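The following report describes a single protein model. Please consult the sequence and the coordinates alongside the text.

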Amino acid sequence: METRILDHDQVKNKIRRIAYQIAEVYLNHDEIILAGISDGGYIFAKKLKSSLSKIVSSKIVLCKVEIDKKNPLNPIKTSIKSEDYQNKGVILCDDVLNSGTTLIYGVKHFLNVPLDRFKTAVLVNRNHKKYPVKADFKGISLSTTMQEHIEVHINAEPYSVLLK
């Protein structure tokens, strides 16, 4: 069984709302780093960049974060050097916050470098956390069973978020 949680317009509205929230928090930053966890988080970060660039004059830099989700202790790779986000405002983005494993290891990676401000953003927060990590900016929070699965489709239009 499949249930549509968000349709195309709702997804666009959630991304735009998150962009406005980020703009408020990072108002005085000349540069904002959107670090998206591959693959879905990076796509989400690209969509956020598009919305955010319409409302702020800050430079917005995309950073792809590659985490081995099966072995999160393996080295994490980023598409930009750590010097490029040092003392900057960083937002770690993912499409779905499920158990928190991926997000917490992503947070750990970025804490190896001094940052001016660090926040997290997710499109869907499932509330099944194993770790004390939270989304500072979230599109929607859902209470789901462990057997249910969330699918986020934002790579191509029409966008959707499905519960399966």
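How much space lies in the largest pocket? About 230 Å³ of space lies there. This is a predicted model, in which local features need pLDDT of at least 70 and side-chain atom pairs count only at pLDDT 80 or more, whereas totals for chains, interfaces and linings use all residues. Residues are numbered from 1 along each chain as its sequence is written, and side-chain values use heavy atoms, with hydrogens and water left out.

**Pockets**

A pocket is defined on a 1 Å grid over the protein atoms alone, as an open set of points where a 1.4 Å probe fits, with protein on both sides within 12 Å along at least five of seven lines; lining residues have an atom within 4 Å of a point. Grid points are joined across faces, edges and corners, and a volume is the space filled by probe spheres set on the points. Helices (H or I, at least four residues) and strands (E, at least two) are DSSP runs, numbered from the N terminus.

| Pocket | Volume | Element giving the most lining residues |
|---|---|---|
| Largest | about 230 Å³ | α1, 4 residues |
| Second largest | about 190 Å³ | β5, 4 residues |

The largest pocket is lined by Lys12, Ile15, Arg16, Tyr20, Lys47, Ser50, Ser51, Lys54, Ile55 and Tyr159. At least two lining residues come from each of α1 (8-25) and α2 (40-52). By character, this lining comprises 4 nonpolar, 2 polar and 4 charged residues; here Ala, Val, Leu, Ile, Met, Phe, Trp, Tyr, Cys and Pro count as nonpolar, Asp, Glu, Lys and Arg as charged, and the others, Gly among them, as polar.

Around the second largest pocket stand Lys69, Asp94, Asp95, Val96, Leu97, Asn98, Ser99, Gly100, Thr101, Thr102 and Leu103. Both β5 (89-97) and α4 (101-110) supply at least two residues of this lining, which divides into 3 nonpolar, 5 polar and 3 charged residues.

**Nonpolar cores**

A nonpolar core is a set of buried Ala, Val, Leu, Ile, Met, Phe, Trp, Tyr and Cys residues joined through side-chain atoms within 4.5 Å. Buried means under 20% relative accessible area, exposed over 50%, and partly exposed in between (1.4 Å probe, protein chains only). The largest core has 34 residues, and those with the most contacts inside it are Leu34, Phe44, Leu48, Leu52, Leu123 and Val124. A second, separate core has 21 residues, including Ile37, Val65, Ile76 and Val122.

Contact means heavy atoms within 4.5 Å. Leaving out residues up to four places away in sequence, Leu34 touches Ala45, Leu48, Lys49, Leu52, Ile60, Val61, Leu62, Cys63, Ile91 and Cys93.

**Helices α2 and α4**

The expected span of a helix is 1.5 Å times one less than its number of residues. The 13 residues of α2 should therefore span 18 Å, and the end C-alpha atoms are indeed 18 Å apart. Buried residues of α2 are Gly40, Gly41, Tyr42, Ile43, Phe44, Ala45, Leu48, Ser51 and Leu52. Their cover includes α1, β2 (31-37), β3 (59-66), β5 and β6 (117-125).

Helix α4 is mostly covered, with 8 of its 10 residues buried. These are Thr101, Thr102, Leu103, Tyr105, Gly106, Val107, His109 and Phe110, and they pack against β2, β3, β4 (77-78), α3 (82-85), β5 and β6.

**Loop residues**

Is Lys134, in the loop between β6 and β7 (137-141), buried or exposed? Lys134 counts as exposed because its relative accessibility is 54%. Beyond residues up to four places away in sequence, Lys134 touches Leu97, Leu103, Thr120 and Lys129. Lys134 and Gly106 are 28 residues apart in sequence and 12 Å apart in space, C-alpha to C-alpha.

His29 lies in the loop between α1 and β2 and is buried, with a relative accessible area of 12%. Neighbours within four places in sequence aside, His29 is in contact with Ser58, Gly89, Asp116 and Arg117.

**Backbone geometry**

Most residues other than glycine have a negative phi, and most peptide bonds are trans. The peptide bond from Ser38 to Asp39 is cis, with omega near 0°, and Asp39 lies in the loop between β2 and α2. Another cis peptide bond joins Glu157 and Pro158, with omega about -5°; Pro158 is placed in the loop between β8 (150-153) and β9 (160-163). Asn87, which is not a glycine, has a positive phi of about 60° and belongs to the loop between α3 and β5.
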